Amino acid sequence: MDERQLRILRELGELGSVTAVAEALLVTPSAISQQLRLLQRSIPVPLTERDGRRLVLTGAGQALAGAAVEVETAMARARHAVEEFVGRPDGEVSVAAFHSAGAAFFPPLLRAFAEPGHPVLALADEDVAQDDFPRLTREYDLVLAHRLDHAPPWPRAVTATTLLREPLDVALPAGHPLAAERRLTPDDVADEPWITVHDGFPVMATIEAIAAAAGRRLRLAHRINEFAVAAEAVAAGGGLALMPRWTTRPHPALVLRPLVGVRARRHIDALQRPERAARKAVRTVLAELRRAARTIQDRDPDGQVHS
């Protein structure tokens, strides 16, 4: 049995005929009769009987119709609870981000929603391989994920909103001979030791593209995923590294130089399951993420990298 069938039974008890129920519910009499037959199949005793030309409820039918009132009341309360949950501007919104995105986006979110009446944030760091980001949308309302500019799109099971298309620059010590160059090519950097991420993380594909463009393998001296740690290793002379232009904090001992000759750019996308967007609080947080992204990018309005 389902809610609609129970409502038909209730209306039949009050109106006394299939035709009257059909008129009240704006359907055909045959549709009402079909639903009554389906309901009767799930009940071991008769629910209706003929009383002259009228179709009336049996004792079992009256008992079930009475229960139908309680069911409809409970369903109405449930729908109201869902509508209230969906429409609440101050509901809890969980946001996960990989480390550099968290460092860039979490502070403006916290500042924007510090006062009562705004979404309540539950923030988490999740540094996973690129293919694992969509799975995180089961646990979080919004997931900040990164992928390379030319990588395949995210699976259709998630909705992606691109926040930034961020260049990846070469980080090197300020005193390095290559720091005097305005731009660097794969040939310029191919013979240097490199500090790069672990396999499966997006930046690794750009490292491989540098090697392919230069026609020789790079020496991967160190594997460090966290950009802040990698920056310290670069500053200490451990090698060169690729660094995001906008979402990592400037380091006083490093310079960033654009890389030409390969596609060195990543997307920072906000992933969510489509049904999560029904909540007003989630939409509010996503809008704030987009505002924060514009602010982050506007810090470098001319697109140039400075020492």
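**Salt bridges and a helix crossing**

Arg291 and Glu288 both lie in helix 10, which spans residues 280-298, and because they are 3 residues apart, about one helical turn separates them. This arrangement belongs to a predicted model. The two side chains form a salt bridge, with the closest N and O atoms 2.8 Å apart. The partners differ in their surroundings: Glu288 has a relative accessibility of 14% and is therefore buried, since the limit for that class is under 20%. Arg291, at 40% relative accessibility, counts as partly exposed. Elsewhere, Asp141, Arg276 and Arg279 are joined into one network by salt bridges that share partners.

Side chains of opposite charge can pair when their charged atoms come close. Across the whole structure, a search finds 14 salt bridges. One of them lies in helix 1, where the side chains of Glu14 and Arg10 meet with an N to O distance of 3.6 Å. This value falls inside the 4 Å cut-off applied to such pairs. Helix 1 covers residues 3-15, and because Glu14 and Arg10 are 4 residues apart within that helix, they are separated by about one helical turn. Glu14 is exposed, with a relative accessible area of 54%, whereas Arg10 is partly exposed at 25%.

A further pair is formed by Asp132 and Arg135, whose side chains meet in a salt bridge at 2.2 Å, N to O. Here Asp132 is partly exposed, with a relative accessible area of 30%. Arg135 likewise counts as partly exposed, at 47% relative accessibility.

Helix 1 also takes part in a helix-helix contact. Two packed helices are described by the angle between their axes and the distance between the axes. How do the axes of helix 1 and helix 3 cross? Helix 3 consists of residues 29-41, and its axis comes within 9 Å of that of helix 1, the two crossing at roughly 110°. Angles from 65 to 115 degrees count as roughly perpendicular, and helix 1 and helix 3 are therefore roughly perpendicular to each other.

Which residues meet where helix 1 and helix 3 are in contact? From helix 1 come Gln5, Ile8, Leu9 and Leu12, and from helix 3 come Ile32, Gln35, Leu36, Leu38 and Leu39. By class, this contact has 7 nonpolar and 2 polar residues, with no charged residues.

Terms used. Residues numbered from 1 in each chain as written. Predicted model: local features only at pLDDT ≥ 70, side-chain atom pairs only at ≥ 80, totals over all residues. Heavy atoms only, no water. Buried < 20%, exposed > 50% of the residue type's maximum accessible area, 1.4 Å probe, protein only. Axes fitted to C-alpha atoms, helices over the stretch in contact; angles between N-to-C directions. Parallel < 35°, antiparallel > 145°, perpendicular 65-115°, else oblique. Contact = heavy atoms within 4.5 Å. Nonpolar A, V, L, I, M, F, W, Y, C, P; charged D, E, K, R; others polar.
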